[in-house]
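Colleague: Got a minute? I'd like to go through this one with you.

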Amino acid sequence: MTQKIIIAGSGFAGLWASISAARAIALAGKEGEVEVTIISPVPTLAIRPRLYEAVLENMDPDLTALLAAVGVRHVAGWVESVDHGARTISVTATDGSHRTLDYDRFILAAGSRLFRPDIPGLAEHGFEADQLETAYALDAHLKALASRPDSDARNTVVVAGGGLTGLEAATEMPIRLRAALGQDAGFRVVIVDNAPEIGAQFGLDALAQITEALAETGVESRAGVRVTAMDADSVTLSSGEKIATNTVVWTAGMRASDLAVQLPGDHDALGRVIGDAYLRAPAANGVFVTGDTVKVPTDDLGNYNPMSCQHAMSLGRVAGHNAAAELVGLPLHPYSQPKYVTCLDLGEWGALYTEGWDRQVRFTRDEGKKIKQEINTVWIYPPAADRDAVFAVANPDFMIVP
Ligand SMILES: Cc1cc2nc3c(=O)[nH]c(=O)nc-3n(C[C@H](O)[C@H](O)[C@H](O)COP(=O)(O)OP(=O)(O)OC[C@H]3O[C@@H](n4cnc5c(N)ncnc54)[C@H](O)[C@@H]3O)c2cc1C
């Protein structure tokens, strides 16, 4: 009887898990004996790392040809729940029908979402750049600002959160506002974070570059404060300052998919399952966790994977390989990813490329930007639908880092 691997999610982790599983099945000469299926709303890869950009084009490349080339089936729907004891999942298809599917191995690759805390006005008035639909909503809002009467609130954007996403969204915003409001429009962009200095968490080296980039791109900082409330025309900070704005972009905080939270076993504060070295969910037999749904050590030095595309692509390969390996009798591959880099886009200043967990600055400005553009337009995109070429880069050891 055909065995079944089902993967929830066609993001970076789910895509690479499916290819890596198909590769392992082919390696073992068991094609036709194990079927690989991805379930997600649409057979596309949402390029979440680019959703802060000024021009939202080609942000959801189609995976249909690629999945067909490696023999992976796609089912359009949402996984609602997992019964790991019965080895079944319940699925709502995009046509609204419900069904229960059984599996031999299930890979949870349903990713994460931005977390919105219970701040008055945030649910109704906060914008975000986290998912395709919310990024398009922010874009439409920015483009429509010009049709509003000129005012301080119209001309001011406040970005809440000074992490990677907040810094990228804030430093890109002057480009977007110039396009929306006109070259000579007077506008303000303000970034707010409760850290003592915006960018402090990236270390002193990187902080100096970030401070320079914020100054050069004209982004004002409010450090050491929190957003306490907002409405359609203003945001209030914990310092008591009230800033007139029609646009608050919320970027602070992520949570793993609810499906991760539902799984038994230990979780971290972001809702991620604490996985074992092979990316199995230790308390749910037959279930693998990958991408933004898992927390595991990346090395022997006490570092853990952040929620990142860089890690999701490697975690996906390892989870896919191991799920298939258990079924076809290949050795399992432990997850390890000692090299860590970050490439932070800082708008017209350029980009900041760092290496290591202590974020040593390697490239800045134009040199950094060239790397960022390569990452954002080539490396994280799905490869061409060529089975042999794709299998060659789908082994669990393969890592995309400069
Ligand atoms: C603005 C922004 C900038 C970023 N910048 C960077 C960066 O510079 N570098 C970096 O490394 N990372 C960056 N990230 C983080 C990165 O995008 C995520 O860590 C990465 O997308 C995680 O990949 P994933 O496959 O685990 O999940 P996702 O990419 O979130 O994919 C999840 C998939 O699961 C599907 N899904 C969700 N729920 C279900 C369900 N119930 N059933 C079926 N399918 C489901 C979704 O439709 C999607 O296909 C950024 C993120 C954002 C938002």
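Modeller: Sure. Let's start with a helix pair: α1 passes α8 in a right-handed crossing. Keep in mind that this is a predicted model.

Colleague: What angle do α1 and α8 cross at, and within what distance do the axes come?

Modeller: The crossing is at roughly 35°. The axes come within 7 Å. Helix α1 covers residues 12–27, and α8 covers residues 309–328.

Colleague: Why those two values?

Modeller: Two packed helices are described by the angle between their axes and the distance between the axes.

Colleague: Which residues of α1 and α8 make the contact?

Modeller: From α1: F12, A13, W16, A17, S20, A21, R23, A24 and I25. From α8: C309, A312, M313, G316, R317, G320, H321, A324 and V328.

Colleague: And how do the residues of that contact divide into nonpolar, polar and charged?

Modeller: The α1 contact with α8 has 12 nonpolar, 4 polar and 2 charged residues.

Colleague: Changing topic. Where is R105 placed?

Modeller: R105 sits in strand β6, residues 105–108.

Colleague: Is R105 buried or exposed?

Modeller: Buried. R105 has 13% relative accessibility, and the cut-off for buried is under 20%, so it counts as buried.

Colleague: What does R105 touch, leaving out residues up to four places away in sequence?

Modeller: On that basis R105 touches K4, I5, I6, R87, G286, F288, A323, E326 and L327.

Colleague: On to pockets. What is the volume of the second largest pocket?

Modeller: About 180 Å³. It is lined by 15 residues. The closest to its centre are A22, E31, V34, V70 and G71.

Colleague: Which elements each supply at least two residues of that lining?

Modeller: α1 again, plus β2 (34–40), β3 (72–83) and α10 (387–392).

Colleague: And the lining of that pocket by class?

Modeller: The second largest pocket has 9 nonpolar, 2 polar and 4 charged residues in its lining.

Colleague: How many cavities of 30 Å³ or more does the structure hold?

Modeller: There is 1. The largest cavity has about 40 Å³ of space.

Colleague: Which residues line the largest cavity?

Modeller: L164, F202, A206, T342, L344, L352, T354 and R359. Two elements give two or more residues to that lining: β20 (341–345) and β21 (351–355).

Colleague: How does the lining of the largest cavity look by class?

Modeller: It has 5 nonpolar, 2 polar and 1 charged residues. The charged one is R359.

Definitions and conventions
Residues are numbered from 1 along each chain as its sequence is written. This is a predicted model: local features need pLDDT of at least 70, side-chain atom pairs count only at pLDDT 80 or more; totals for chains, interfaces and linings use all residues. Side-chain values use heavy atoms; hydrogens and water are left out. Axes are lines fitted to C-alpha atoms, for helices over the stretch in contact, and angles run from 0 to 180 degrees between N-to-C directions. Helices (H or I, at least four residues) and strands (E, at least two) are DSSP runs, numbered from the N terminus. A crossing is left-handed if the near helix is turned anticlockwise from the far one by less than a right angle, and right-handed if clockwise. Contact means heavy atoms within 4.5 Å. Buried means under 20% relative accessible area, exposed over 50%, partly exposed in between (1.4 Å probe, protein chains only). On a 1 Å grid over the protein atoms alone, a cavity is a set of points where a 1.4 Å probe fits but cannot get out, and a pocket is an open set with protein on both sides within 12 Å along at least five of seven lines; lining residues have an atom within 4 Å of a point. Grid points are joined across faces, edges and corners, and a volume is the space filled by probe spheres set on the points.
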